[in-house]
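Subject: Structure handover

Hello,

Here is the structure I promised to pass on. Please open it before reading further, and keep it beside the notes.

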Amino acid sequence: MRIFRFLLAAVVTGALIWFLKTPQKAGDKSLPPLGAFFNPFSGFWANAEPADGASFDDKSLPGLKAPCQVLYDDLLVPHIFAENLDDALRVEGFVIASQRLWQMDITTRKASGRLSEVLGERTLAIDKMTRRRGMVYAAENALIGWKKSEEGMRLLQAYTDGVNAYIDQLNPADYPIEFKLLDYKPEHWSVLKTALVIESMAETLAAGESDLASTNALAQFGQETFDFLYPEWNPKQQPIIPDTGQWKVAQKALAAPEPGKKLSAAPDFEPNKGILAANEIPEIDPYLKGSNNWAVSGGKTKSGHPMLANDPHLNLTLPSIWFQVQIHTPEQNCYGVALPGVPGVVIGFNEYTAWGMTNVGQDVSDWYRVKWANAERSKYLLDGEQRDVHTQVEVIPVRGQDTVYDTVRYTVWGPMVYDNDAQHPLYDCALRWISHDVPEPDEMALFLRLNSGKNFQDYQKALSGFDCPAQNFIFATRSGDIAIQVQGRYPVRAKEQGRFIQDGSTMATAWQNFIPKDMIPGMRNPSRGFVFSANQHSTPPSYPYYYLANDFEDFRSRRIFSRLDTMHGATPAYMKAMQNDNFSQRAADALPAMFRLLDQSKLDEEGRKIAKELAEWQYTYDADLTAPPLYDVWYDSCYLKTWDEMDVLRKQNKAILMPEAWRFIELLEQDTANVFFDKRNTPQRETARDIVNESFRAMQSYFRQNPDKRTSWGLYRGFALKHLAQIDAFSRLDLVVGGNKSTPNAISKTNGPSWRMIVDLGDRVKGMGVYPGGQSGNPGSRFYDNMVNTWAKGDYYDLLFMASPEEAPERILAKQSFTSK
């Protein structure tokens with residue numbers, strides 16, 4: 001019996017050891033080995049941090065040329081004091097990795113199609129699409145360009161070495177908790193991974209296009225109706241760079257085409273095929289990647305000094321997309337936010353200047369329909385000659401199953417993204433994306449040059465090598481300059497070239513050239529006293545090059561322009577109010593037009609109360625107001641009932657272009673009998689009045705059937721600040737905030753201002769800022785989300801911009817020294 005008990009105990013012990021060491025299944029999710037995860041010495045317990053402060057050990061950092069000191073302030077912002085830029089970036093890499101290592105890892109895994117290595121089959125489709133779109137191909141080409149700059153590569157390598165120095169001194173107890181939860185180890189950083197971070201942003205900001213949807217709309221409606229429904233220019237908007245006569249010479253020179261040069265914009269589609277299925281093609285929301293920035297001259301401020309403001313709007317996550325840092329060397333002293341994985345400060349200020357960015361959003365991503373020369377699809381036709389495709393075999397390790405192999409064909413245009421699905425409407429199409437091109441050697445020098453710039457000439461030199469993603473770079477100096485430049489690399493196009501799927505069998509449809517650098521739209525010190533952008537059109541139609549503009553709505557820009565135009569004696573408090581402005585120009589345009597068509601005499605008592613509430617509403621999407629949900633449901637119903645010809649196709653998962661909101665509102669105001677107000681499924685002819693009244697009743701019915709939705713805007717819309725791994729326990733789901741996609745404070749359920757910054761360029765430059773997160777990526781740290789509530793309330797922090805390590809000791813939490821030994 002004793003032997004039996006011993007054997008039984010041994011078996012149970014062995015089974016327990018196996019269980020604790022082996023990843024377990026919980027439904028369709030995997031759990032880490034529970035023994036390692038709950039280990040009191042190296043498991044998740046080790047990720048807890050003190051609640052009352054922070055401490056940092058001094059470190060030996062190989063490669064340093066001189067000792068460096070880092071001071072951490074009360075927001076855990078590191079202030080790096082170094083004797084040279086190489087050392088500063090080496091320390092920056094170490095410090096950012098110490099707070100955001102898992103974020104850096106998962107960002108590059110997503111950008112390179114390597115999620116399935118750690119997450120298994122559930123992310124395989126994402127990895128395949130990432131690779132088929134050529135993300136690694138783009139990063140590899142970026143690296144080819146960067147290597148042409150010896151200095152740039154040296155600085156990139158210094159940052160990389162700093163990241164790896166941090167990784168090398170880790171033991172399993174030190175791993176960020178996400179590594180423990182997902183049961184994998186950190187791997188070394190590389191300059192290629194920095195390129196992947198950049199390409200990830202390029203995919204977010206510069207991959208938008210509507211070629212298939214536009215092609216289908218043209219096939220469905222014909223050219224005349226297409227032009228009526230989808231005009232490219234809203235006459236009410238103010239472009240980023242107005243026409244002041246600066247293009248007259250170029251307009252004349254471009255009026256006559258160069259001999260032998262002919263661009264083709266003819267779309268390639270087959271009308272008899274009807275509307276094509278959208279399948280996996282993501283819809284691009286024109287609001288989601290918007291941002292605001294402006295700079296005003298001293299003539300418009302109370303202090304007499306220029307002021308600059310920037311709030312880039314992105315998908316909001318924990319950890320935050322940004323990381324605050326100060327970098328001080330004998331040659332520069334700058335403060336701002338960095339992208340984890342990329343050296344330097346991306347948006348910020350120094351002792352002389354300030355700069356910021358918004359997304360241009362120009363279409364630099366085109367689809368070309370390839371004509372095959374053989375059944376094997378190994379050769380294609382180009383200008384009557386056969387060309388060989390290049391194939392790239394993508395090897396995708398998948399956790400828990402066999403490695404997957406996927407062959408991607410490349411043509412002169414780019415990858416055949418969907419040629420693994422014969423039913424896909426883009427099955428025979430190749431993707432031409434500007435981010436696949438080899439960039440200028442100085443592309444990565446942009447931010448480092450801005451960090452150390454002292455004047456407008458330094459700003460122009462910094463921008464000269466930047467290609468993608470195109471950005472509206474705002475700029476101001478302590479000496480009084482304000483400027484903006486729509487910096488990027490833009491193909492020269494025939495009218496509407498790239499708006500539709502193009503013929504890939506001829507080079508006549510190719511990008512023949514790029515807009516010359518001296519014709520990139522820009523403006524310095526305008527007489528009106530301000531420059532600004534909110535993702536509206538960069539130029540008016542008089543700009544001499546055809547500009548395939550973005551699909552952003554321009555309501556934010558109109559509101560911001562009106563406030564800047566009437567501004568006098570501005571203060572930082574006024575700038576805060578502008579960034580937190582919940583006024584919707586879209587509602588201010590649409591609601592009066594809807595009320596003029598509403599037959600209020602036929603409303604019931606409930607309807608009259610709703611109409612009264614809406615009539616008293618001041619078009620602001622404040623969190624505590626109950627009118628915005630009423631308006632939104634009513635407006636959306638009007639819009640979709642008007643465009644029922646398109647909405648029915650969208651509901652069937654068809655790709656079709658929807659008219660812009662401004663065009664719809666214009667029809668409500670000026671053409672109430674337009675044929676598109678007539679509903680397809682009724683015998684009578686409806687007008688805008690019928691649509692507006694029917695939609696009002698539909699809105700009433702919706703709230704009767706969903707009484708829980710008859711609440712304040714903040715609760716109705718909701719807001720979720722989710723962890724990158726979608727772990728609710730590491731997310732903030734308790735926030736109630738105002739704002740709307742159409743307001744300057746452009747907040748949606750998961751998107752919004754990712755960094756609010758205001759800089760006063762006085763005798764001593766001062767900044768204030770906030771982002772929805774914290775410096776730490778560790779959910780067990782009090783610095784993980786300590787800025788979230790401040791951001792949600794619309795408040796800011798005074799940014800500690802230090803001139804020396806001895807300054808402001810009352811705000812310093814900890815110090816850390818770095819030496820080479």
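The notes below go through a sheet, a helix, the salt bridges and a few single residues.

Please keep in mind that this is a predicted model.

**The sheet around S13**

Start with the open sheet. It has 3 strands, in the order S18-S13-S21, and the pairing is mixed. Which strands form the edges? They are S18 (429-433) and S21, and each pairs on one side only.

Take the S18 side. S13 and S18 run antiparallel, and 5 bridges join them. Two residues of S13 show how they line up. Tyr 368 has Ala 430 as its bridge partner in S18. Trp 367 stands opposite Leu 431 in S18.

Now the other side. S13 and S21 run parallel, joined by 2 bridges. Tyr 368 turns up here too, standing opposite Gln 502 in S21. As background, strands in a sheet pair through backbone hydrogen bonds, in either a parallel or an antiparallel way.

How many of the residues of S13 are buried? The count is 5 of 5, so the strand is mostly covered. Ser 365, Trp 367 and Arg 369 point one way from S13. Asp 366 and Tyr 368 point the other way. Both sets are buried. In a regular strand, side chains alternate between the two faces of the sheet.

**A salt bridge beside the sheet**

The edge strand S21 also takes part in a salt bridge. Asp 503 pairs with Lys 371, with the closest N and O atoms 3.3 Å apart. Asp 503 lies in S21 (residues 502-503), while Lys 371 lies in the loop between S13 (365-369) and strand S14 (379-382), so the pair ties together parts that are 132 residues apart in sequence. Lys 371 is partly exposed, at a relative accessible area of 36%.

**Salt bridges at H22**

The whole structure holds 43 salt bridges. Two more pairs are worth finding on screen, and both involve helix H22.

The first is Arg 704 with Glu 606, at 2.9 Å from N to O. Arg 704 lies in H22 (residues 688-705) and Glu 606 in helix H18 (residues 605-616), so this salt bridge ties together parts that are 98 residues apart in sequence. Arg 704 is partly exposed, at 47% relative accessibility. Glu 606 is partly exposed as well, at 33%.

The second is Glu 694 with Lys 679, at 2.7 Å from N to O. Glu 694 is in H22, and Lys 679 is in the loop between helix H21 (661-670) and H22, 15 residues apart. Are these two residues buried or exposed? Glu 694 is partly exposed, with a relative accessible area of 22%. Lys 679 counts as buried, because its 15% is under the 20% cut-off.

**A salt-bridge network**

Some charged residues link up beyond a single pair. Asp 105, Arg 109, Arg 114, Glu 117, Glu 187 and Lys 193 form a network of salt bridges.

**Asp 86**

Asp 86 sits in helix H3 (residues 85-112). Its relative accessible area is 8%, which makes it buried. What does Asp 86 contact, apart from neighbours within four places in sequence? The residues are Lys 65, Arg 154, Leu 155 and Ala 158.

**Helix H14**

H14 covers residues 456-463. Its buried residues are Phe 456, Tyr 459, Ala 462 and Leu 463. Why do they count as lying on the same side of H14? They cover an arc of only 120° around the axis, and that puts them on the same side. The general rule fits in here: an α-helix has 3.6 residues a turn, so residues three or four places apart point the same way.

What covers these buried residues? The cover includes helix H13 (445-452) and three strands: S19 (471-477), S20 (482-487) and S22 (522-524).

Look at the N-terminal end of H14 too. Asn 455 caps it, with a side-chain oxygen 3.1 Å from the backbone nitrogen of Gln 457.

**Cysteines**

How many disulfides are there? The count is 0. Two cysteines can be checked for burial. Cys 334 is buried, at 0% relative accessibility. Cys 468 is buried too, with a relative accessible area of 8%.

Best wishes

How values were computed:
Residues numbered from 1 in each chain as written. Predicted model: local features only at pLDDT ≥ 70, side-chain atom pairs only at ≥ 80, totals over all residues. Heavy atoms only, no water. Salt bridge = Lys/Arg side-chain N within 4 Å of Asp/Glu carboxyl O. Helix = DSSP H or I, 4+ residues; strand = E, 2+ residues; numbered from the N terminus. Buried < 20%, exposed > 50% of the residue type's maximum accessible area, 1.4 Å probe, protein only. Disulfide = S-S within 2.5 Å. Contact = heavy atoms within 4.5 Å. Pairing = 2+ DSSP bridges. Arc of directions from axis to C-beta. Polar contact = N/O pair within 3.5 Å; in protein donor to acceptor, adjacent residues only side chain to side chain.
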